[in-house]
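Colleague: Could you take me through one part of this model up close? I'd like a plain walk around a single residue and the strands beside it.

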Amino acid sequence: MRWHCALLGTVISFLTALNGGFMWTRESLNELVKEKLSGYFFMAVSNREPYIHTFSGRKVSYQMPASGLTAALDPVMQACGGTWVAHGSGNADTEVVDKDNKVMVPLDNPRYTLKRVWLSKEEVDGHYNGFSNEALWPLCHIVYTRPIFEESDWNMYKKVNEIFAQSILEEAGGKKAFVFIQDYHLALLSRLIKEKNPNIITAQFWHIPWPNPEAFRICPWQNEILDGLLGNDLLGFHIRYHCRNFMDTVDQALEANTAWDTCTITRGGKKTVVLPFPISVDFEEISSDAQRDEVGKEIERLKNSLGLDNEMIGVGLDRIDYTKGIPDRFRAFDRFLEKYPRYRERAVFIQAGVPSRTQIESYRRLQEETDSLVEEINWKYGARRWKPIITLWEHASPVTLMALRRMANFCVVSSLHDGMNLVAKEFVASRFDDDGVLILSPFTGAAKELTDSLLVNPYATDHFAEAIKESLEMPLEERQKRMRKMRELVRENNIYKWAADIISELVKFESGG
Ligand code: GDG
């Protein structure tokens, strides 16, 4: 087995070096991990957990959250094994863990350990709702929602980062470990870990954009956050532009040496490499799931229950967030129906989406704004059974999401600002029939890769309305040409490649960088 792994590793390195269309899969990532990380304990850490256990009556069931981070990282952990440390947020989470707060997941085919960290309501409120989502989230997304900086939230943020550090250090014990930290909820974690155990190698992936220094400097604790992130050996963003913004911010705020040619920052003798790693999806799995019979049945069920005949269908499938440009796409659909009345009663837009962060005022306002806009548009054009916009405001099952992607003539991703946006890549991966048009905002990381979509500025309502018309009138041959190109790209740049690229960088630190 050992020689087999070594041989496969060599083959992988060779093919990667050639860069000649080698396709990363769960299996090849698994082999890479065995070869490169053997002797290391592999841990991932995030605030959000990949499986949430809840009571339904007396029974315990579980759900996968609507989160780009967990959707991306779960297949990677299934390939790599190891332990994922995350906040246990479900009301039945304590029921299924062992005495060390661990449970093996996925439940039907266990592949890695989920270790839950418990937080009080006050801690969640200050750390998650407060500093993470009322301060850092609007600070990093330029969507004109003012960040709220509360000292008490910041103090809770620090405390929760310490709780996570404690859990990681306990878990690592004296072992050699790689810790892969996720996102903006844990900006101080690597520094806290390394203060106690400098031998642990850490990488952090920032899933949201990093704004320019002008925008970031209003944060009263900018230096602490930057210093915390520079505790990492490797720091990843989706695109080069975010890396540059981060390096610029450090340059202007801290005493540090930023070397642009090698993408490194050195502070107090400690080096951090800053690189782009565009995140992705499990293309093959999504593409084959899309072809299952149950998806066909779900399409029929949805058409019946929504009263659809042969309308042309547009879909939006988001976590409900003010960064996703949901009212903007409704305004564009309104303008489209206004300018092109022949599409009335012939086209519908289905918006599925799960409400999120509902304890936060700005999210409640978004829900109200969206609901009243839908009511207004449906009142304006609605005729007989036909309503132009159909909303499904609930947590949709994976099969429902898949059916909606497959039913769509066009899918809209109209984010005002977005790190990557996996909905766009999931849509492409689902369209094994090579059909369907993606209307995509240029303010997403995905727009850098999916250039065969219809790129449209969501603030430009008239252009947006024209893009909707174009998508419905595009000849089949053109749709197929674009979709094939995008599928090829997502197939190759899949989630396993993302993980393999990060791991290949990470192991360089093992030999001293
Ligand atoms: C952050 C960054 C970056 C949506 N509704 C339901 C549901 N979803 C799933 C989608 C997709 C995920 O949620 C959302 O992914 P995104 O990438 O759009 O967005 P964020 O959650 O904002 O993620 C983002 C991502 O991290 C990864 O780095 O791309 O830029 O903001 O997978 O399909 N899933 C279920 N029910 C729903 O109703 N089960």
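**A close look at E49**

Modeller: Sure, and keep in mind that this is a predicted model. Let's start with a side-chain pair: E49 and R116 are joined by a polar contact of 2.6 Å between their side chains. The side chain of E49 has another partner too, since one of its polar atoms sits 3.0 Å from the backbone nitrogen of S89.

Where does E49 lie? You'll find E49 in the loop between β1 (41-45) and β2 (52-56). Don't let the word "loop" suggest a residue out in solvent, though: the relative accessible area of E49 is 0%, and because buried means under 20%, E49 counts as buried.

As for what surrounds it, set aside the neighbours within four places in sequence and E49 is in contact with P65, T70, L114 and R116, among others. The list also includes the run A86, H87, G88, S89 and G90, along with D93. So R116 and S89 turn up both as contacts of E49 and in the polar pairs, R116 through its side chain and S89 through its backbone nitrogen.

Now follow the chain from that loop into β2. Strand β2 runs antiparallel to β3 (residues 59-63), and 5 bridges join the two. Within that pairing, H53 stands opposite Y62 in β3. The two strands form a hairpin with 2 residues between them. In the turn, G57 has a positive phi of about 65°.

Methods. Residues are numbered from 1 along each chain as its sequence is written. This is a predicted model: local features need pLDDT of at least 70, side-chain atom pairs count only at pLDDT 80 or more; totals for chains, interfaces and linings use all residues. Side-chain values use heavy atoms; hydrogens and water are left out. Helices (H or I, at least four residues) and strands (E, at least two) are DSSP runs, numbered from the N terminus. Buried means under 20% relative accessible area, exposed over 50%, partly exposed in between (1.4 Å probe, protein chains only). A polar contact is a pair of N or O atoms within 3.5 Å; within protein, one must be able to donate a hydrogen and the other to accept it, and residues adjacent in sequence count only if both atoms are side-chain atoms. Contact means heavy atoms within 4.5 Å. Two strands pair if DSSP finds at least two bridges between them.
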